[in-house]
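Work through the exercises below with the coordinates open. Each task is followed by a stepwise solution.

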Amino acid sequence: MVNEVCLRTLDLDRPWLLEQYQSRGGYEMLTRILKEKTPPEEIIEEVKKSGLRGRGGAGFPTGLKWSFISRNAPGQKYVVCNSDEGEPGTFKDRDILRYNPHQLVEGMIIAAYAIGATQGYNYIRGEFWEPYERFEAALKEAREAGFLGENLLDSGFDFELHAHLGGGAYVCGEETALLESIEGKKGQPRFKPPFPAHFGLYGRPTIINNTESLASIPMILKEGGPWFADIGVKNSGGSKLFSISGNLNNPGVFEIPMGTPFSELLEMAGGVKGGRKLKAVIPGGSSAPVIPGEQMMDLTMDYDAIAEAGSMLGSGAVIVLDDTNCMVKVLERMSYFYHEESCGQCTPCREGTGWLYRVISRIENGQGRQEDLDLLNDVAARISGRTICALGDAAAGPVAGMLKHFRDEFQYHIDHKKCLVGAG
Amino acid sequence: MVTIEVNGRELKAKAGDMLIEVTDEAGIDIPRFCYHKKLSISASCRQCLVEVKNAPKPLPACATPVMEGMKVFTRSPLALAAQKGTMEFLLINHPLDCPICDQGGECELQDVAVACGSDASRFVEGKRVVPAKNIGPLIATEMTRCIHCTRCVRFGEEIAGIREMGATGRGEHMVIGTYIEKSIDSELSGNIIDLCPVGALTSKPFRFSARAWELTQVEGVAPHDSVGSNLHLHLRSNKVMRVAPKDNESINECWISDRDRFSYQGLYSDDRLTVPKIKQSGEWQDVTWEVALDMAAAGLQEIGEGEQIATLVSPSSTLEELYLAQKVTRGLGSNNIDYRLRQGDFRLDGAEPAFSWLGLKISEIENLNAALLVGSNTRKEQPILAHNLRKAAVSGAKVHFINPLQLELNYTAGQQLTTPAGMVQSLAAVAKALGATGEGAAAKVIDKAVADDDAKAIASALKDADKAAVMLGNIAAAHPDYSILCVLASVVANASGATFGFLAEAANSVGARLAGAMPHLLPGAKVAAEKGLDVMKLQKLPRKGYLLLGAEPGYDFWDAGLTRNALESADLVVALNTHTSPALEAAADIMLPIAAFAETSGTYVNTAGEWQSFRGAVKPLGEARPAWKVLRVLGNLLDQEDCEYTSSEQVRDELASLCEGVMPDNSVGKTESADLQSAVDGLIRIGDVPPYALDSLVRRASALQQTKDAAPAAICINAEEAKKAGLADCDSAVVTQDGREATLPVSIDANIPDGCVRISAGLAGTETLGAQFGEVTLEKA
């Protein structure tokens, strides 16, 4: 089954409109919760049962995250949605914002109700102008229909939701950097603990979830946690949006059950372009270590299977590479990205990402030295695990992965000052 | 308390403390750059990574709270690998310019590199270069050396209370600097020089003048404000090369003000007095000490009548100097000695507290829940004390000011902006709101006052607070109705249960009282049987002979014009000064060069009543001599008894025995006169003393004189009043006060209340004017 949760209205004409969303039962769940005054604990319990894990990439159980907030603690609390979607290869949240924004709004209101928040922010990636406009339009419709504002549907519950357009920094997808950015500060991750559940936006208890996670909430509550869990496999409940791109005939976003074999996903994406050989797959966004093609064809798309293969499912961004790709060039491009996007706060990432990029770039440009390969591994290892946020790990991961599986291509560059792929 | 184990050693620690605090306490060294005990935790440099048993990754000691049973290894292979890894990263883009770097030899990066660095670099790429920025006259930058620890950034936000430094750019392109070519103007800015672990921020005046290893470090006490910050003086070849803070948790923590840090430059100004001089037929001649002292003694003796001699002393003088000055004066049969050179109202003499003080310890200020400051620009007057007050305000204390100037504050506070006469009424209104009636003059003004909402807000803030204080600052001390303000402030404090205190003006204002440098007080703050005349009367009723100690005519007196008239009409003016000036040369007959700050031993009593003695760090410049020695010899030449001191300690101990059992006390008596001397028909001058005009030394500190706080004299007036006077911004105008004139530029300033014109005192161009607070007229030049 495809498109069961977040993209379930995709077949409708202009599905982003309130009336269309409501024609498929949109806002019914919220209405029921507000009318029946469903105890928040029940909602959180249902989310826990669903096995929903954070869809932004880290895969932390959503229900558990919500349960960290003390609902009855006095003072302001916040719900924040992370639509910063900056991981190279990821473009699934964009489609939720474009085609099903109301389901996200409904999910956020329910989340706010569950933790007792009265204010929410959706932090949208700076480059997403069209999705931002769609989301703002949805907010307007929802406000007019009484789903946002004061005393929602006469329940006594207040909730206002704001869209916040980012400034274009990848690191602002890191949840605490995102909070800093909303506060108007330089987007730099905070040292944790304290976690946002205790010290979040403006120092107040905050839950911050990915777009896809929050957009899944209405369906989880409507159909029940176990229904959602059963869509997927053990430890990977539900369906998931995969953004599959690269050398493909039909790249795009596909919502499929967790645990679907990669081969099926590849088929949906039309197979490798021109019938060429599948060389490698980066299964979870650019920071996930690369997996050789043959190995990937045997894997299923769920957290455990990909982790066992030495990589990670991440945000579900699958980058497919055929045999025309030079892996040195690929790594150079990715290293450049992390070098540019490091926030500069922690020493290993600030200094190390630039070092990695420069060494890889030298190798790519025929100026590699034999000792550079060990140096790369060593520098990556000195970044990994030693920074405040995961950006350092993300920059180090691809280096280790590439050198593990494609060391010969790097060696060829060093020995022959030219590319193995081009040479063949 | 929890027990942890570090490198096999058992340590007791407070639960929740960060690991690095515990290891620092225990003397276990963990390298660090971003961590600083007084700043928030950034955890970003990653140099303090250590191994914690059962943790999957090395953890930053600065951000890891201790927990019971925690086992930590700071030198294990994992910890060392992590520390070495960070050091390698820090060094790849750091220039290897230690030989030409001012931080060389006292550089934290250098030190840690010796411990954790490698002898050769694996980095063969090009290094990052960042252009240096001009951020003002005090701090030199070399931003290529910056390692992005952000201590300077956090200092601005958290301590100085003004975000001057910040990080722009991402990743490797991240640059620490000011926002668009701004200068650093905080009065505490120099502390970022100490905070910077590398040579990115260094002292501009000190730059390239000495190497750290050539310097000798001795202790000192700051000579300007009444806080008495503890100093380290760095010396080479009998010269003070620079000044740094010495930690004293109960006074200045680890900070000092820019004034205390950079004023040493004034020691070596061109107009330093280095030989004794006498005036003969209007010409100054260098003479020997013998000749000069003989002449001084003979001249003073010639005057004959004691009451015709007046001794005017600077409150920046040491306790020993002040004690001997009063001893010599009283030995001449005169009680005419006063240190209150910038006071304008003496109606309270006799009823004011003898040993007045802050009322609490400096470190207690941060625990206040409410404070009312009357006539105080404490941020500029006592920057370290203001930092403590800011800490209180940031943690919720309600701070109010009653001032004739709108202050630029670095925290939220209530500011009542009013004329000098209005200040009295505002304070009386607070007293009224508290239901106080007062006695004498206070009763009269309180009776007339109206308790408006502002007054009620202040009253309830003071009353509701657990710990509150009412404090009088430098502007209040110079106020024409100081006596009434003092009584009212005391009434307000009593009625609200607040502590009453004085933010003393100078380093030894409190000490001067103990030393008996007042016409009605003897050493030990004992009431004199025979009272002399106060400093105002000593000028209004000119004496035949004047002895000046560290006091500069034209700059250090409440009414510059009055001083000049008095001194010029005298038969003999003997000046013991560190520096000369045209005004001094015009007034004096004999100039005796005395040792300045750092050149003499002595003692200061700070505003919290703490005695702090210090030794002379360098020999006095030229033939200058410590003033206590000069006064001793003068006493000998005048055949005075008991003047055989051989050390300043001996002088101090003698005074200390006289002060035994004397406790600080702020109880104020009453005064009958309720005439408002500050009530004028026209414009009144607000003659505050800017921070870098306070005393002879700082007025000559060249770098400080280039800062924003050292703006030249001007007529500051609000737009409305300027319009009335027919003046516009940048006009030149003639200000007339007591028939004396000065021509100054006009500066439109919204921080000045109606009816007032701010013409700061102590600045070049104001020597000819009158009282710090007095009626003036303006006319376009």
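**Exercise 1. Describe the fold content and overall dimensions of chain B.**

Step 1. Count the elements: chain B has 23 helices and 34 strands. Helices (H or I, at least four residues) and strands (E, at least two) are DSSP runs, numbered from the N terminus.

Step 2. Check compactness. The radius of gyration of chain B is 28 Å, close to the 28 Å from the globule rule for 781 residues, so chain B is as compact as a globular protein of that length. The radius is taken over C-alpha atoms, and the rule is 2.2 Å times the number of residues to the power 0.38.

Step 3. Box the trace. Along the principal axes, the C-alpha atoms of chain B fill roughly 85 × 65 × 55 Å.

The ground rules apply to every exercise. This is a predicted model: local features need pLDDT of at least 70, side-chain atom pairs count only at pLDDT 80 or more, and totals for chains, interfaces and linings use all residues. Residues are numbered from 1 along each chain as its sequence is written, chains are lettered from A and ligands numbered from 1 in the order in which they are written, and side-chain values use heavy atoms, with hydrogens and water left out.

**Exercise 2. Characterise the burial, contacts and charges of chain B.**

Step 1. Of the 781 residues in chain B, 63% are buried. Buried means under 20% relative accessible area, exposed over 50%, partly exposed in between (1.4 Å probe, protein chains only).

Step 2. Take contacts (heavy atoms within 4.5 Å). Among those in chain B between residues at least 6 apart in sequence, 72% join residues at least 24 apart.

Step 3. Locate the charges. Lys and Arg count as positive and Asp and Glu as negative; His and the chain ends are not counted. Each charge is placed at NZ of Lys, CZ of Arg, CG of Asp or CD of Glu. For chain B, the mean positions of the 75 positive and 100 negative charges lie 6 Å apart.

**Exercise 3. Place B:Glu721 in its surroundings.**

Step 1. B:Glu721 sits in helix α23 (residues 719–724) of chain B.

Step 2. Its relative accessibility is 8%, so B:Glu721 counts as buried.

Step 3. List the partners. Apart from neighbours within four places in sequence, B:Glu721 contacts B:Leu683, B:Asp754 and B:Gly755.

Step 4. Find where the side chain points. The side chain of B:Glu721 reaches the backbone nitrogen of B:Gly755 at 2.6 Å.

**Exercise 4. Repeat the overall description for chain A.**

Step 1. Chain A has 18 helices and 11 strands. Its radius of gyration is 22 Å, close to the 22 Å that the globule rule gives for 424 residues, so chain A is as compact as a globular protein of that length.

Step 2. The C-alpha trace of chain A spans about 75 × 45 × 35 Å along its principal axes.

Step 3. Buried residues make up 63% of chain A.

**Exercise 5. Find unusual backbone geometry in chain A.**

Step 1. Recall the baseline: most residues other than glycine have a negative phi, and most peptide bonds are trans.

Step 2. Check omega. The bond from A:Lys192 to A:Pro193 is cis, with omega near 0°. The bond from A:Pro193 to A:Pro194 is cis, also with omega near 0°. A:Pro193 lies in the loop between α8 (175–182) and β4 (206–210).

Step 3. Check phi. A:Asn3 has phi near 50°. A:Arg14 has a positive phi of about 45°.

Step 4. Add context. A:Arg14 lies in the segment before α1. A:Arg14 is partly exposed, at 46% relative accessible area.

How values were computed
Polar contact = N/O pair within 3.5 Å; in protein donor to acceptor, adjacent residues only side chain to side chain.
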